[in-house]
Amino acid sequence: MARLKLERRRAIFDWSLRIGFAIVLLVAWELSTRAQSRALAAPPSEILIAFWELTFIEGVIFSETLVTARAFFMGYGAAIAIGLLVGMLMGRSRLAEYVLEPYVTLMYALPSIALIPVLVIWFGINDRIRIVLVILASVFPIIYNTATGVKNVDEELVEVGKSFCATRRKIATSIVLPAALPLIFAGLRIGLSHALVGVIGAEIIVVITGLGGLVIRYADNFQMANMFVPIIFIATLAVLITAGMNRFQTVFRRWEVQDE
């Protein structure tokens, strides 16, 4: 009981420090920007007003968030499917690893934004280029981590499965994949951050729509308070998706332990 109270006090103290530090930052921001031109900086009070107007009065933020979220989830979902499939293949087949590894390493190291001119020529300026850029930005860390996790699976576990006459598919889904999950989830997290960079980069540089498009349009017009509103939504979207990923991993681990 005493330990529980101590943990609660520590939690309250930690959160008090965080909230207090945030308040100090906001006050300092407010005071430091009041005397400056609104074309160069915006105080938090004006950003709050812009947030209310763009979100609940004009409604532009919600519509553009749906545009960004749709491209993100379509591209990232495709990247997960491709990444797991190719990663499993590279991890279990020496021939596939020998053929594909140089290209995966090259594309992993190459910034996907560098491919934008080529993608514009191939796909044009439309929604497809956003989805393709999300896939290219996120699929290679998923492939790399999945292949690494699969290769590091204890071969004794695989031999046990073979001794029970398990098929290759059964061994892959019941033994190899669960054993490789820690590295797979690490790849999914890295791919998640890259996917967000990909979709926002495409919106800022190419299509000028979605949340990234709002940022660049408001910046071009020196509407600094408005510019921060989509940035806040981008950060919120990133936090929510990451929290969802962490929650999914936690639930999956609990299910795996109960199943065992």
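Of the 260 residues in this chain, 35% count as buried. What you have here is a predicted model, and the chain averages a pLDDT of 81, with 83% of the residues scoring at least 70. Confidence isn't spread evenly over the elements: helix α7 (residues 155-163) has the lowest mean pLDDT, 65, while α3 has the highest, 89. Where pLDDT is low, the predicted coordinates should not be read in detail.

**Overall make-up**

The secondary structure comes to 11 helices and 0 strands. Reading from the N terminus, then, you meet α-α-α-α-α-α-α-α-α-α-α. Among the contacts with a separation of 6 or more, 71% are between residues 24 or more positions apart.

**The cores**

The largest nonpolar core has 31 residues, and the members that touch the most others are F72, Y76, V139, I143, L188, V199 and I241. Four elements give two or more residues to this core: α3 (60-92), α6 (127-151), α9 (181-207) and α11 (224-259). Apart from that core lies another one of 14 residues, including A42, L54, V215 and M227.

Let's zoom in on I143. Setting aside neighbours within four places in sequence, I143 is in contact with G83, V86, G87, M90 and V104.

T146 is worth a look too. This residue is found in helix α6, and T146 is buried, with a relative accessible area of 0%. What does T146 contact once neighbours within four places in sequence are left aside? The partners are G83, L84, G87, M88 and I184. G83 and G87 turn up in the contacts of I143 and again in those of T146.

**How α3 packs against α2 and α10**

Two packed helices are described by the angle between their axes and the distance between the axes. Start with helix α2 (residues 44-57) and α3, whose axes come within 5 Å and cross at roughly 70°. α2 and α3 are therefore roughly perpendicular to each other. On the α2 side the contact is made by L54, T55 and F56, and on the α3 side by V60, I61 and F62. By class, that contact of α2 with α3 has 5 nonpolar residues, 1 polar and no charged ones. L54 also showed up above, as one of the residues of the 14-residue core.

Now for α3 and helix α10 (residues 210-220): their axes come within 6 Å and cross at roughly 130°. That crossing makes α3 oblique to α10. From α3, the residues involved are V60, I61, E64, T65, V67 and T68, and from α10 they are G210, L211, L214 and Y218. The residues of the contact of α3 with α10 divide into 6 nonpolar, 3 polar and 1 charged. V60 and I61 take part in the contact with α10, and they are also among the α3 residues in the contact with α2.

**A few residues up close**

G212 sits in helix α10 and counts as buried, at 0% relative accessibility. Not counting residues up to four places away in sequence, G212 touches I200, E203, I204 and I234.

A186 has its place in helix α9. Is A186 buried or partly exposed? At 24% relative accessibility, A186 counts as partly exposed, since the cut-off for buried is under 20%.

L110 is found in the loop between α4 (94-109) and α5 (116-123). With a relative accessible area of 33%, L110 is partly exposed.

Each of these three residues has a partner well along the sequence, as the table shows.

| Pair | Separation along the chain | C-alpha to C-alpha |
|---|---|---|
| L110 and A137 | 27 residues | 9.3 Å |
| A186 and P141 | 45 residues | 8.9 Å |
| G212 and T65 | 147 residues | 9.4 Å |

T65, the partner of G212 in the table, is one of the α3 residues in the contact with α10.

**One backbone oddity**

Most residues other than glycine have a negative phi, and most peptide bonds are trans. Which sign does phi take at F222? F222 has a positive phi of about 55°, although it is not a glycine. Where is F222 found? F222 lies in the loop between α10 and α11. At 53% relative accessibility, F222 counts as exposed.

Conventions. Residues are numbered from 1 along each chain as its sequence is written. This is a predicted model: local features need pLDDT of at least 70, side-chain atom pairs count only at pLDDT 80 or more; totals for chains, interfaces and linings use all residues. Side-chain values use heavy atoms; hydrogens and water are left out. A nonpolar core is a set of buried Ala, Val, Leu, Ile, Met, Phe, Trp, Tyr and Cys residues joined through side-chain atoms within 4.5 Å. Buried means under 20% relative accessible area, exposed over 50%, partly exposed in between (1.4 Å probe, protein chains only). Contact means heavy atoms within 4.5 Å. Axes are lines fitted to C-alpha atoms, for helices over the stretch in contact, and angles run from 0 to 180 degrees between N-to-C directions. Angles under 35 degrees count as roughly parallel, over 145 as roughly antiparallel, 65 to 115 as roughly perpendicular and the rest as oblique. Ala, Val, Leu, Ile, Met, Phe, Trp, Tyr, Cys and Pro count as nonpolar, Asp, Glu, Lys and Arg as charged, and the others, Gly among them, as polar. pLDDT is the predictor's confidence in each residue, from 0 to 100.
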